[in-house]
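This briefing sets out selected structural features of one protein chain for use at the bench. Please read it alongside the sequence and the model.

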Amino acid sequence: MNVRRFPGQIAAVVLALGAATCASGQAAYPTKSVKIIVPYSAGGPADIYARFIGDRLQKAMGHPFVIENRPGAGAIIGTDAVAKSSPDGYTLLMMSNTHTVNESLFTKKPYSLLRDLTPIAPVNYSDLILVVHPSVAANNLTELIALAKAKPGALNYASSGPGTPYHMAGELFKAMAGIDVVHVPHKGSAEARTSVLAGNVQMMFDAITTMAPLAQAGKVRAIATSGKARSLITPNVPTLSEAGLPGYDAVIWLGMMAPAGTPKGIIDALNTDIQKIAKSPDVKETWAKQGAVPMHMSAEEFGKFMEQDIQKWAKVVKVSGATVD
């Protein structure tokens, strides 16, 4: 074939192939390892599910997805690292509703969530469970609230840091119950959990995916769960709403984001594969046993969901008077 006879046709074919590659996102991405930054310490839900999703994405896309934990400053350190990364799809963020809370809780951050990062997809959500150390003289929510009112400031609750779902669940509890309990932030959920297990801190809201087995083993006492309905893995534990605080609702949800400016083809490819993973029957079954529920949204829908969550928690921050410790 004499290529000089058909320069226009060849150029058109090359452009068409290039356009198809970019539109699908799959053929050109990834071509090397992808880093998922988890702005929390190892062992918590975000870390656990980042590794789960990363492993499945590696199998689907053919290149390693490497998890890097960068905890600190209420998830701000790791998140800022992603926001300042090249928008090429090779540095991603595993985030949670800590990030939507931080938009109102922290007045000075080096980034703005929906300006400097772009949504990819949600992953899952799970209820929180309120537990107390066995030494606490309260067997249910009514007794716990009565104890807190009888001894203002004497009870402490642990969290994995300011702005985390554990912190805000505690602040919402304080505001709705009209009690004074002291927030004790930790460097991560594993450290907070250890403090409660040791009796150094009296109580904690924790992800049901990690705390339920410890409650079932008798190492802590389960008081109530935080969702709208009882959890399938703790059916004998009432919700806070039914136990005495009508309307209480606070969960932990996880999702993925990328630096702003990441090509739409890459975002769409990641969203497609993450949703396929979350819809897989074996994944749904595995997560259900852990108390986690898959979430399914397009990147655009996830962005709108986050906008609404930012507004929701801004109201809670204002009403509760929560501040950065």
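The points below cover the nonpolar cores, three helices, the largest pocket and several loop positions.

This is a predicted model, in which local features need pLDDT of at least 70 and side-chain atom pairs count only at pLDDT 80 or more, while totals for chains, interfaces and linings use all residues. Residues are numbered from 1 along each chain as its sequence is written, and side-chain values use heavy atoms, with hydrogens and water left out. Helices (H or I, at least four residues) and strands (E, at least two) are DSSP runs numbered from the N terminus. Buried denotes under 20% relative accessible area, exposed over 50%, and partly exposed the range in between (1.4 Å probe, protein chains only).

**Nonpolar cores**

- A nonpolar core is a set of buried Ala, Val, Leu, Ile, Met, Phe, Trp, Tyr and Cys residues joined through side-chain atoms within 4.5 Å.
- The largest such core has 66 residues, and the members that touch the most others are Leu144, Phe173, Met203 and Tyr248.
- A second, separate core comprises 34 residues, including Ile120, Ile267, Ala269 and Ile277.
- Contact is defined as heavy atoms within 4.5 Å. Apart from its neighbours within four places in sequence, tyrosine 248 has contacts with Ala169, Leu172, Phe173, Met176, Phe205, Ser226, Gly227, Leu240 and Ser241.
- In soluble globular proteins, nonpolar side chains tend to be buried together.

**Helix H6 (residues 141–150)**

- Leu141, Leu144, Ile145, Leu147 and Ala148 are the residues named as buried in H6. They lie on the same side of H6, because they cover an arc of only 160 degrees around the axis, the arc being that of the directions from the helix axis to the C-beta atoms.
- These buried residues pack against strand S4, helix H7 (165–177), strand S7 (203–207), strand S8 and helix H10.
- Thr142, Lys149 and Ala150 are exposed on the face of H6 turned away from its buried side.
- Alanine 137 is located in the loop between S4 and H6, and it counts as exposed at 62% relative accessibility.
- The C-alpha atoms of alanine 137 and leucine 147 are 7.7 Å apart in space, and the two residues are ten apart in sequence.

**Helix H7**

- H7 has 13 residues and spans 18 Å from its first C-alpha to its last, close to the 18 Å expected at 1.5 Å a residue. The expected span is 1.5 Å times one less than the number of residues.
- Eleven of the 13 residues of H7 are buried, so that the helix is mostly covered.
- The buried set includes the charged-type names Glu171 and Lys174 as well as Leu172 and Phe173.
- Glycine 178, just after H7, takes a positive phi of about 65 degrees.

**Helix H13 (residues 299–320)**

- H13 has 22 residues and reaches 31 Å between its first and last C-alpha, close to the 32 Å expected at 1.5 Å a residue.
- Its buried residues are Ala299, Phe302, Gly303, Met306, Asp309, Ile310, Trp313, Val316 and Val317. Seen down the axis of H13, these fall within an arc of 135 degrees, so they line one face of the helix.
- On the other side of H13, the exposed residues are Lys304, Gln308, Gln311, Lys315, Lys318 and Val319.
- Glycine 321, just after H13, has a positive phi of about 75 degrees.

**Largest pocket**

- The largest pocket has a volume of about 540 Å³.
- On a 1 Å grid over the protein atoms alone, a pocket is an open set of points where a 1.4 Å probe fits, with protein on both sides within 12 Å along at least five of seven lines; lining residues have an atom within 4 Å of a point.
- Among its 27 lining residues, Tyr125, Ser126, Asp127, Val251 and Val293 are the closest to the centre.
- H13 gives the largest share of the lining, five residues.

**Loop positions**

- The peptide bond from tyrosine 29 to proline 30 is cis, with omega near -10 degrees; proline 30 lies in the loop between helix H1 (7–24) and strand S1 (34–38).
- Alanine 73, in the loop between strand S2 (65–69) and helix H3 (76–83), has a positive phi of about 55 degrees although it is not a glycine. At 46% relative accessibility, alanine 73 is partly exposed.
- Alanine 75, in the loop between S2 and H3, has a positive phi of about 80 degrees and is buried at 2% relative accessibility.

Terms used
Points joined across faces, edges and corners; volume = space filled by probe spheres on them.
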